[in-house]
Amino acid sequence: MRTHRLVLWDIDHTLVDYTGLGIGWYGTALAAATGTEFRTPPDFGGRTERAITADVLAMHGIEPDEETIQRMWRELIAAVERARETLPEEGRALDGAAAVLADFAGREGVVQSLITGNLPEISLHKLAALGLDEHLDLEIGGYGSLSARRADLVPHAVKAAETKHGTEFPAESVVILGDTPHDVEAALDYGAVAIGVATGRFSAEQLTGAGAHTVLPNLADLSAVRAAVLGTP
């Protein structure tokens with residue numbers, strides 16, 4: 001039977017680990033965009049760039065108006081672009097990520113993209129540096145520039161996928177994988193399948209408590225990931 005799935009991946013701590021780099025990029029961006037020294041880090045876990053940027057500005061006494069947010073994003077993208085050559089050494093692909101993406105890409109009826117808090121440009125840089133961009137349709141993802149609320153990214157990505165691929169993806173055929181309760185909640189809000197991956201700071205118990213349909217310890221067991229996402233070993 002033909003498998004019909006829209007598989008939407010989180011990036012950080014689900015597919016890759018760039019721990020610690022985000023704070024440095026935000027510090028550089030804040031100084032360049034506003035002339036303010038970065039003093040207080042925000043909560044990054046599972047949140048969108050729009051929410052994080054607004055928090056950073058407010059925490060440093062700056063009004064998070066749209067013009068300033070956009071200026072911050074330009075500087076943030078510039079900071080990551082300057083770091084492109086060192087990203088392969090500073091980050092790592094998580095165990096099994098490359099194999100799972102390649103395996104799903106070879107299956108008829110499976111479309112893979114992103115639900116991520118990252119900006120589109122930063123998403124590409126993070127994935128490409130580790131060779132993980134090849135099997136993802138990055139044109140149809142739900143990105144953190146769209147909304148402060150992660151759940152809002154899901155219908156955007158689904159609609160874009162349906163338009164581009166000329167097929168409907170009912171909610172039950174949409175699978176979202178991520179390492180935080182925010183990922184799980186975004187999936188449940190849409191009626192999608194929520195799969196927690198306990199490779200970030202949240203435990204399997206916390207992801208289960210958030211309502212994940214399945215929780216994987218990591219992506220290293222390809223058969224387990226296939227079973228959770230596709231319902232087939």
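The paragraphs below lead through a predicted model, beginning at its largest pocket and moving on to a helix, a proline and the nonpolar cores.

The largest pocket has a volume of about 590 Å³, and its lining is made up of 27 residues, with D12, H13, F44, G45 and K126 lying nearest the centre. Three elements each give two or more residues to this lining, namely α1 (21-34), α2 (49-59) and α6 (120-128), and it is α1 that gives the most, with four residues. Sorted by chemical character, the lining of the largest pocket holds eight nonpolar, ten polar and nine charged residues.

Since α1 contributes to the pocket, its geometry can be taken next. With 14 residues at 1.5 Å a residue, α1 should span 20 Å, and because its end C-alpha atoms are 20 Å apart, the expectation and the model agree. Just after this helix, G35 takes a positive phi of about 75 degrees. Within α1 the buried residues are L21, W25, Y26, G27, A29, L30 and A33, and what covers them includes α2, α3 (66-82), α4 (87-90) and α6. As background to reading such a list, an α-helix has 3.6 residues a turn, so residues three or four places apart point the same way.

Helix α6, which is among the elements covering the buried residues of α1, also contains P120. This proline has a relative accessibility of 32%, and because buried means under 20% and exposed over 50%, P120 counts as partly exposed. Leaving aside residues up to four places away in sequence, P120 touches Y143 and S145. The C-alpha atoms of P120 and L138 are separated by 7.9 Å, although these two residues stand 18 residues apart along the chain.

The interior can be followed through its nonpolar cores. The largest nonpolar core has 49 residues, of which W9, L15, F104, L219 and V229 touch the most other members, and the element that gives the most to this core is α3, with seven residues. A second core, separate from the largest, has 23 residues, including L6, A157, V158 and A192. Returning to F104, one of the residues that touch the most other members of the largest core, its contacts beyond four places in sequence are V7, W9, V110, Q112, V225, R226, V229 and L230. Among these contacts of F104 are W9 and V229, which are themselves listed with the residues touching the most other members of the largest core.

Note on methods:
Residues are numbered from 1 along each chain as its sequence is written. This is a predicted model: local features need pLDDT of at least 70, side-chain atom pairs count only at pLDDT 80 or more; totals for chains, interfaces and linings use all residues. Side-chain values use heavy atoms; hydrogens and water are left out. On a 1 Å grid over the protein atoms alone, a cavity is a set of points where a 1.4 Å probe fits but cannot get out, and a pocket is an open set with protein on both sides within 12 Å along at least five of seven lines; lining residues have an atom within 4 Å of a point. Grid points are joined across faces, edges and corners, and a volume is the space filled by probe spheres set on the points. Ala, Val, Leu, Ile, Met, Phe, Trp, Tyr, Cys and Pro count as nonpolar, Asp, Glu, Lys and Arg as charged, and the others, Gly among them, as polar. The expected span of a helix is 1.5 Å times one less than its number of residues. Buried means under 20% relative accessible area, exposed over 50%, partly exposed in between (1.4 Å probe, protein chains only). Contact means heavy atoms within 4.5 Å. A nonpolar core is a set of buried Ala, Val, Leu, Ile, Met, Phe, Trp, Tyr and Cys residues joined through side-chain atoms within 4.5 Å.
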